[in-house]
Amino acid sequence: MVELSIHDGILDVRLKGLHKVWALKSRIRVPLSKVREVRHDPGATMPWTAIRMPGTYVPGVITSGTYYVGGKKKEFWDVVRRERIVVIELEDAEYDRLVVEVEDPLVAVRMIEEARKSRGG
């Protein structure tokens, strides 16, 4: 699971506990101006052609780490409980998409949308 926060126009994605080990990453920082869309999407799926580099994948249990999709897109996933998924679509950023599990997806989506609106995004 991750914890999301926003400070000075930056979306801060912090991995918690063992998720840091599974994803081989502890934090991702993205300017709000790079966020194209955010949504709660428990049906988000990883294309079967995705290549994991690095991270952890146990089918039906955990998807965590960096994935390359179709040789063009770079995604970051950290999901155990699908019902808590938030998808953050990005443009001109290190990742094209972040798919993460949060404590309360509706609160997380609202927080990001409100911060983007207040910054004119």
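## Backbone, surface and salt bridges in a predicted model

Asp8 sits in the loop that joins β1 (2-7) to β2 (10-15), and the model in which it is described here is a predicted one. The phi angle of Asp8 is near 50°, a positive value in a residue other than glycine, and this residue is exposed, its relative accessible area being 77%. A second case is Leu24, whose phi is near 55°, again positive in a residue that is not glycine. Leu24 belongs to the loop between α1 (19-23) and β3, and at 57% relative accessibility it counts as exposed. Most residues other than glycine have a negative phi, and most peptide bonds are trans. The peptide bond from Met53 to Pro54 is cis, with omega near -15°.

Met53 lies in strand β5, which covers residues 51-58, and Pro54 is found in strand β5 as well. With a relative accessible area of 48%, Met53 is partly exposed, because the exposed class begins over 50% and the buried class lies under 20%. Together with Ile51 and Tyr68, Met53 makes a nonpolar surface patch of about 290 Å².

Strand β5 also takes part in the largest pocket, which holds about 190 Å³ of space; the elements that give two or more residues to its lining are β5, β6 (62-69) and β7 (73-79). The lining of this pocket consists of 13 residues, and those nearest its centre are Tyr57, Gly60, Val61, Thr63 and Arg82. By character, the lining residues divide into nine nonpolar, three polar and one charged.

The structure holds 10 salt bridges. Side chains of opposite charge can pair when their charged atoms come close. Three of the salt bridges are set out below, with the distance between nitrogen and oxygen.

| Residue | Partner | N to O distance |
|---|---|---|
| Arg39 | Glu37 | 3.2 Å |
| Asp41 | Arg39 | 3.4 Å |
| Glu101 | Arg84 | 4.0 Å |

Arg39 and Glu37 are linked with Arg36, Asp41 and Glu89 in a network of salt bridges. Within this network, Arg39 counts as partly exposed at 22% relative accessibility, and Glu37 is also partly exposed, with a relative accessible area of 33%.

The side chains of Glu101 and Arg84 meet in a salt bridge of 4.0 Å, taken from N to O. This pair links distant parts of the chain, 17 residues apart, with Glu101 in strand β9 (residues 97-101) and Arg84 in the loop between β7 and β8 (85-90). Both Glu101 and Arg84 are buried.

Two further pairs relate separation along the chain to separation in space. Ser33 lies in the loop between β3 (27-31) and β4 (35-40), where it is exposed, with a relative accessible area of 60%. Although Ser33 and Glu91 are 58 residues apart in sequence, their C-alpha atoms are 8.8 Å apart in space. Val87, by contrast, has its place in strand β8 and is buried, with a relative accessible area of 0%. From Val87 to Phe76, which stand 11 residues apart along the chain, the C-alpha separation is 10.0 Å.

How values were computed: Residues are numbered from 1 along each chain as its sequence is written. This is a predicted model: local features need pLDDT of at least 70, side-chain atom pairs count only at pLDDT 80 or more; totals for chains, interfaces and linings use all residues. Side-chain values use heavy atoms; hydrogens and water are left out. Patches are made of residues with over 30% relative accessible area and no salt bridge: like charges are joined within 9 Å, nonpolar side chains (Val, Leu, Ile, Met, Phe, Trp, Tyr) within 5 Å. Accessible areas come from the Shrake-Rupley method with a 1.4 Å probe; for residues, only the protein chains shown count as cover. Helices (H or I, at least four residues) and strands (E, at least two) are DSSP runs, numbered from the N terminus. Buried means under 20% relative accessible area, exposed over 50%, partly exposed in between (1.4 Å probe, protein chains only). On a 1 Å grid over the protein atoms alone, a cavity is a set of points where a 1.4 Å probe fits but cannot get out, and a pocket is an open set with protein on both sides within 12 Å along at least five of seven lines; lining residues have an atom within 4 Å of a point. Grid points are joined across faces, edges and corners, and a volume is the space filled by probe spheres set on the points. Ala, Val, Leu, Ile, Met, Phe, Trp, Tyr, Cys and Pro count as nonpolar, Asp, Glu, Lys and Arg as charged, and the others, Gly among them, as polar.
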